Amino acid sequence: MLVLAICCMSLFIVGLDVTVVNVALPSIQRELHASVSGLQWIVAAYSLVLASLLMLSGSTADRVGRRRTFQVGLALFTLGSLLCSLAPSLPTLVAFRMIQAIGGSMLNPVAMSIITNTFTERTERARAIGIWGGVVGLSMALGPVVGGILVSSVGWRSIFWVNIPVGVTAIVLTALFVPESKAPRARRFDPVGQVLVMITLAALVYGIIEGPGRGWTSALILGCFGLAVAAGIGFATYESRRDQPLLDTRFFRSAPFAGATLIAVSSFAALGGFLLLNTIYLQDVRGYSALHAGLYMLPMAAMTAICSPLSGRIVGSRGPRLPLLGAGLALTVSAVTLTRLTADTTAISLVVSYLLFGLGFGLVNAPITNTAMAGMPTAQAGVAAAVASTSRQVGASLGVAVIGSAVVSALAGPLRTGFALASHVGWWVIVGCGALVVGLGLLTTGPWARGTAEQVAKEFGQPVPTRDAEPASSAVGPR
């Protein structure tokens, strides 16, 4: 249980950063004179680096040792937090957020491996992973309030200070109590595949974020999109010819696996856009303080905390279809209610929308991992979980990039008077994300989808997992 507590400390500080940083964005904007695209980079740079390195960090931990990798991740995340608190300008803050993300990529997937190797009995492991998942909701629920109090009383830099004592304590406790472990047969390092993944994601996100300011038809933006397409095709071609690829492209022939990947991207794109739009709306349009805005966001986070474990139980007893449909419908209805957002929208209307969004986001996490792992051979379950986690971060990056850029393109005039109307296009994008979750939930949980999963399993010469309960509890949070 002490090992579990140490691992949960890493999840807590990483999860806390999701909502803490968003609450602080308007204060950062005023002090560092950042544009809306600059705010997008503060959020997207973190998710982008995290998404690019999750699978590399997992394979590195298997090779050099999970405890050692976990400690390095804690040290980098703590150092990045300290540097962020001292950042003198927007570019340096974005760079320091990337250092945070490098460390963060070594925390959650590696901590999950440590927990799996520590809790060897099935029931104890399920209980431990359930506690681990509950920390996600707790960190998100506390984030808006903690961020609001810190930003209002001390300033935005203090949101990074809270990570430092927790990180240092976790490093010491890990050295004292966490046993070292390695994989019996670690996967070979794939530098070419890793570089191609980073180029694909970086070029795509850069083109989307900078497109409104530099012009969608400018040579730089078109070049970025062309580079992203070329690198993506190169990755798929190269990986299909390797004996031990970073990601075996045959996995995507399984409808449950491919569907879970797209559901993760869609739902976390909705989350990234939701946090960005509401943070700017509440503070720049409504004129609320950081604390007041954080309290408004609390219903969403609290509902997520309540529904996440409930969703895991439903998936374990009835499968992933019902939570996926409920999640997609709740996300869609929440976003539809916000497509008529004005500067004078009533508080009751906002809270209802936020509760619905929290309901949807709370329901979607468990079935993402369950659906991905249920569509994979038993021996590939770890890879499937890693891809699901990576897809979450890709979605968060794309959501901030796409939705933020769409709103910037529609913005006419200053934020205070023009943002509410311009945000409507962003909410419609989130409506589309919710509808996609519903459609994919129906498509990837039926007999045809199970047949494609069985076909992929035959190619690998492995059986497909038939129990939903165990992989369902493996769902972890956004970061």
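Rings of Phe, Tyr and Trp (its six-membered ring) are taken as a pair if their centres lie within 6.5 Å, and a pair counts as stacked with planes under 30 degrees apart, as edge-to-face with planes over 60 degrees apart, and as tilted otherwise. The structure is a predicted model, in which local features need pLDDT of at least 70 and side-chain atom pairs count only at pLDDT 80 or more, while totals for chains, interfaces and linings use all residues. Residues are numbered from 1 along each chain as its sequence is written, and side-chain values use heavy atoms, with hydrogens and water left out.

A search of the whole structure finds ten aromatic pairs. One of them joins Trp156 and Phe160 in an edge-to-face arrangement, with 6.4 Å from centre to centre and 85° between the planes. Trp156 counts as buried (under 20% relative accessible area, with exposed meaning over 50% and partly exposed in between, for a 1.4 Å probe and protein chains only) because its relative accessibility is 3%, and Phe160 is likewise buried, at 0%. Phe274 and Phe357 form a stacked pair, 4.0 Å centre to centre and with 10° between the planes. Since Phe274 lies in helix 11 and Phe357 in helix 14 (residues 347-374), this pair ties together parts that are 83 residues apart in sequence; helices here are DSSP runs (H or I, at least four residues), numbered from the N terminus. Phe274 is buried at 0% relative accessibility, and Phe357 is buried with a relative accessible area of 1%. Both rings belong to one aromatic cluster, formed by Phe274, Tyr354, Phe357 and Trp427.

Phe274 and Phe357 also appear, with Ile42, Leu93 and Leu282, among the residues with the most contacts inside the largest nonpolar core, which has 96 residues. Such a core is a set of buried Ala, Val, Leu, Ile, Met, Phe, Trp, Tyr and Cys residues joined through side-chain atoms within 4.5 Å. Helix 11 (residues 255-285) provides the largest share of this core, 16 residues. A second, separate core of 28 residues includes Ile6, Tyr46, Val110 and Ile115. Leaving aside residues up to four places away in sequence, Leu93 touches Ile28, Leu32, Ile42, Cys84, Ala87, Trp156 and Phe160, where contact means heavy atoms within 4.5 Å.

Open and enclosed spaces were sought on a 1 Å grid over the protein atoms alone: a cavity is a set of points where a 1.4 Å probe fits but cannot get out, a pocket is an open set with protein on both sides within 12 Å along at least five of seven lines, and lining residues have an atom within 4 Å of a point. The second largest pocket holds about 600 Å³ of space, and of its 24 lining residues Val197, Leu201, Phe235, Leu247 and Val394 lie nearest its centre. Two or more lining residues come from each of helix 2 (36-64), helix 9 (191-214), helix 10 (219-239), helix 11 and helix 15 (381-410), and helix 9 gives the most, with six. This lining comprises 16 nonpolar, eight polar and no charged residues.

Two cavities of 30 Å³ or more are found in the whole structure, and the second largest of them contains about 30 Å³ of space. Its lining is made up of Ser47, Leu48, Ala51, Leu201, Leu204, Val205, Gln393, Val394, Ser397 and Leu398, with helix 15 supplying the largest share, four residues.

Definitions and conventions: Points joined across faces, edges and corners; volume = space filled by probe spheres on them. Nonpolar A, V, L, I, M, F, W, Y, C, P; charged D, E, K, R; others polar.
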